[in-house]
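Thank you for sending this model over; my notes follow as numbered points. Please read them with the coordinates open beside you.

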Amino acid sequence: MKTLYAILVLCGAVALLPAFVSSGVVLNLVIMTLYATLLGQAWNILAGFGGQYSFGHAAFFGTGAYASAALQVHFGVNAWLCLPFAIVCGAAVGALVGALSFRYGLRGSYFALVTLAFAEVFRILANSVKFTGGGVGLLVPLKSSALDFQFQGKAGFLYVILALTLAGFLLSWWLKHSRYGAWLTAVRDNEDSAAALGVDAFRVKLQAIVISAGLMAAGGAFYVQYFQYIDPHLAYGPAVSVEALLGPIVGGLGTVFGPLLGAAALKLLGELTRNLMGDAPGVSLMIYGAVLIAMVTFLPRGIGGLFQRLAAKAP
Amino acid sequence: MLQARHVSISFGGLKAVDDASLAVPAGSITSLIGPNGAGKSTLFGILSGFLEPDAGSVSFLGQEVTGLAPHRICRLGMTRTFQLAQPFAGQTVRENIAVGSHLHRAQRKAALAHAESIALRVGLSGRLDRPARDLTIAGRKRLELARALATEPKLLLLDEVLAGLNPQEVSEMSPVIRSIRDGGVTVLMIEHVMQAVMNLSEHTWVLNNGQLIAEGKPADVTRDPRVIEAYLGRGAAERLRTSGNEAHA
Amino acid sequence: MLELSILFPSILNGLTTGAVYALIALGLTLIYGVLHIINFAHGALLMIALYGVFFLNAKLGLDPYAALPVMVPGMFALGYALQRFVIGRASHGKDENILLATLGLTLVLENFALYAWRSDTRTIETPYTFSTVDVAGAMISTPKVVAFFGALAATAILLAFIARSDLGRAIRAVARERQGAKLVGIDVEHVFAMSFGIGLACLGAAACFLLPAYYVNPQVGNGFVLIAFTIVVLGGMGSFAGALLGGFIIGVVESVGGLWLGESLGQIGIFVIFIAILLFRPQGIFGART
């Protein structure tokens with residue numbers, strides 16, 4: 001229950017932010033942190049709670065982004081209606097990838113590589129098909145109205161991404177306090193033992209990838225509204241997959257606050273390096289890579305795990 | 001209650017289980033013994049759905065379960081433990097047991113409370129909130145037992161729950177298993193340590209080289225020359241008998 | 001139906017690319033076979049090797065083929081150090097950790113290249129860049145012919161080394177039975193690092209053969225990494241013969257597939273093969289079902 005209150009207080013505090021802060025730079029930073037948190041939450045559900053490391057979450061992100069953008073561009077559908085459609089499309093791709101991989105018992109590194117290959121297939125397809133605008137991508141028509149999921153200032157976007165992140169928080173919290181969550185973590189820790197205890201491992205994993213993919217697709221749909229543009233590399237490129245996995249690993253895998261902690265730490269680090277080294281291309285990702293190696297080597301349980309260890313040591 | 005008929009399975013030309021038939025009567029503690037590599041765990045794997053036999057059938061409570069997925073078999077009321085006790089490492093003892101409790105309880109609270117009552121039955125009450133990875137071997141075996149018990153099985157398959165325990169721990173574990181049976185759960189246990197089984201089980205089956213070679217009361221079975229040879233090697237029974245005769249003479 | 005006069009050169013081209021692919025995949029499969037880890041940074045390390053060859057040529061005027069004695073030991077040393085000091089320490093006994101660590105390494109290398117050398121695509125020009133060889137009526141570019149025979153020669157040397165040398169024996173022992181090798185006194189950590197080093201030495205050689213007919217930019221490794229994995233799973237993880245044959249198959253599939261579907265869609269064929277094999281025959285085409 002304490003966790004639940006913490007989530008609500010945190011989200012409430014962020015919701016009050018636009019009343020006191022009008023700086024677009026600050027609000028943008030908060031929005032991008034929450035956006036990274038959302039992608040991290042999505043990946044964390046499958047990998048942190050379910051133990052299935054995906055290297056191709058871009059497949060779900062990109063599908064959400066393109067589903068929303070294409071519906072707006074080609075059929076003039078209202079952007080708000082596109083959001084649930086994008087989530088359903090992303091979840092469907094998740095179901096497809098999951099059904100194939102888990103049916104044939106792919107685990108560990110093999111699962112990671114197959115998800116990566118799926119993302120690449122989607123990227124090449126998006127590059128070659130007219131519907132997605134090919135290599136040029138899709139530009140969402142400018143409407144600048146809240147009714148069309150396009151806001152004048154940053155505050156509107158902040159509320160939307162906050163609501164999505166809150167959903168991610170509640171899902172993670174639910175995994176910690178439900179039968180389904182208990183089954184999912186049991187499958188993560190030992191699939192055979194879980195099966196012997198009556199857990200349908202295939203089904204549990206499939207549900208996890210569907211939830212995870214749906215959340216990821218919501219991130220993609222948000223991206224399209226915020227930047228009003230999507231192309232194959234942005235949608236299905238490896239950068240998104242990396243962004244999704246980096247946060248939870250840095251913050252703490254399989255925890256409720258890990259993705260937020262990680263996203264915040266990485267954003268802070270990103271800003272810091274930008275101030276120190278300028279906006280040179282590659283610098284921030286280079287540092288992220290080094291952070292990833294360092295975390296895996298020295299802090300496999302993330303910053304959150306470090307806090308826990310320190311708290312346990314304190315008298 | 002459980003019946004296997006003419007079950008066979010081979011791996012790459014090696015017959016791991018060869019035309020084995022066995023029955024477990026309801027309400028009993030039955031044991032399956034045999035030397036290392038006899039195929040006991042393989043047969044267990046077939047009974048519990050982890051392996052599909054090349055031939056033969058398994059039925060449980062009159063229902064055909066051959067090749068049924070393990071989780072389905074568990075839902076029918078047959079659960080197994082593993083020889084290599086592996087707790088869900090990231091979770092506490094209570095959470096571990098609750099995974100089993102959830103089979104019949106959707107609510108988290110109810111499952112956690114049930115887990116507590118199960119822990120009491122296997123003697124893990126004092127360690128409920130410890131991380132499962134910190135348990136000793138004996139503790140892990142108890143946890144393995146508790147998790148399986150939490151699914152409220154009618155038949156419990158125990159894969160070497162006594163192996164790796166010291167005599168003190170074995171004598172602590174035996175009454176736990178007996179009390180499980182007294183609570184209405186039929187037990188089929190694999191052991192290769194004969195001594196432990198002698199006291200616990202009422203009926204025993206002996207597996208050697210994938211074939212069932214003997215069955216009966218433990219005391220009778222252990223006098224069976226075929227069993228002695230299986231354990232001690234060809235000619236051992238003969239030697240034992242002659243050395244016994246010489247001692248008498 | 002395609003004319004034979006178009007198909008034949010396309011197959012020959014595919015075979016020349018395939019030989020280089022095979023050499024790259026050989027390094028990957030050696031690392032997998034011995035360490036049982038998936039080196040996700042294989043493509044990024046090839047990119048580094050390509051830059052090495054490029055700068056040796058641009059700054060010192062060294063011919064790419066003459067760069068072999070520099071690149072092969074250089075990449076070997078890099079690999080040895082990486083396994084000893086970075087990757088080996090990250091594993092904590094979990095596959096996923098290695099995958100993440102090598103992913104981190106990929107990010108570092110790719111973005112270092114982007115930072116230091118910008119995103120420009122670079123090529124080198126040699127006297128033989130535009131010359132061709134007549135192979136049974138098909139005109140194949142000279143660097144590709146050299147690459148074909150060079151990659152085959154490098155492969156032969158590697159296989160002979162693994163089969164004959166003491167280190168090769170130790171590598172095979174560790175690959176088959178890690179604990180046993182440890183018990184008979186083999187320094188397993190050293191063998192791991194040597195294997196990783198040899199795996200990267202393959203990349204050094206491949207880079208020398210590749211660059212005269214190819215290009216380099218910071219992202220160039222991305223394309224190779226999935227191709228190399230496809231070859232390795234096609235041939236069966238850890239199998240040398242499988243990697244060799246898989247390399248040729250993928251080279252030809254890519255070249256001929258490109259004729260039909262165009263360059264970018266032709267690549268899809270490779271990924272689809274990759275996914276299908278992982279799903280339906282994870283032991284590879286040539287491996288036995290266990």
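1. Which residue of strand 4 of chain B does Ser8(B) stand opposite? In this predicted model, the partner across from Ser8(B) is Ala55(B). The two strands concerned, strand 1 (residues 2-11) and strand 4 (residues 55-60) of chain B, pair in the antiparallel sense, and 5 bridges join them.

2. That pairing belongs to an open sheet of 4 strands in chain B, whose order is 2-1-4-5 and whose pairing is antiparallel. Strand 2 (14-24) and strand 5 (63-64) of chain B each have a single partner strand, so each is an edge strand with one side left without a neighbour in the sheet. Helix 1 (residues 40-47) of chain B packs on this sheet, where it touches strand 1, strand 2 and strand 4 of chain B, and its direction makes about 120 degrees with that of strand 1 of chain B.

3. Chain B also holds an open sheet of 6 strands, in the order 6-7-8-3-9-10 and with mixed pairing. Its edges are strand 6 (78-80) and strand 10 (211-216) of chain B, each of which pairs on one side only. On average, neighbouring strands of this sheet are turned by 15 degrees against each other, direction ignored. Helix 5 (residues 137-150) of chain B packs on the sheet and touches strand 6 and strand 7 (155-159) of chain B, its direction making about 160 degrees with that of strand 7 of chain B.

4. Both senses of pairing can be followed at strand 9 of chain B. Strand 3 (residues 29-33) and strand 9 (residues 203-208) of chain B run parallel and are joined by 4 bridges, and Leu32(B) stands opposite Trp205(B) of strand 9. Strand 9 and strand 10 of chain B, by contrast, run antiparallel and are joined by 5 bridges, with Ala214(B) in strand 10 as the bridge partner of Val206(B). These two strands form a hairpin with 2 residues between them, and Asn209(B) in the turn has a positive phi of about 50 degrees.

5. Helix 9 (residues 225-232) of chain B lies across strand 3, strand 8 (186-191), strand 9 and strand 10 of chain B, and runs at about 130 degrees to strand 10 of chain B.

6. In chain A, Phe75(A), Leu125(A), Val129(A) and Phe131(A) make a nonpolar surface patch of about 380 Å². Phe75(A) lies in helix 3 (residues 58-75) of chain A, and counts as exposed because its relative accessibility is 57%, against a cut-off of over 50%.

7. As for the assembly, 2 pairs of chains touch, and the most contacts are between chains A and C. No contact joins chain B and chain C, whose closest C-alpha atoms lie 8 Å apart.

Note on methods. Residues are numbered from 1 along each chain as its sequence is written. Chains are lettered from A and ligands numbered from 1 in the order in which they are written. This is a predicted model: local features need pLDDT of at least 70, side-chain atom pairs count only at pLDDT 80 or more; totals for chains, interfaces and linings use all residues. Side-chain values use heavy atoms; hydrogens and water are left out. Two strands pair if DSSP finds at least two bridges between them. Axes are lines fitted to C-alpha atoms, for helices over the stretch in contact, and angles run from 0 to 180 degrees between N-to-C directions. Contact means heavy atoms within 4.5 Å. Patches are made of residues with over 30% relative accessible area and no salt bridge: like charges are joined within 9 Å, nonpolar side chains (Val, Leu, Ile, Met, Phe, Trp, Tyr) within 5 Å. Accessible areas come from the Shrake-Rupley method with a 1.4 Å probe; for residues, only the protein chains shown count as cover. A salt bridge is a side-chain nitrogen of Lys or Arg within 4 Å of a carboxyl oxygen of Asp or Glu. Buried means under 20% relative accessible area, exposed over 50%, partly exposed in between (1.4 Å probe, protein chains only).
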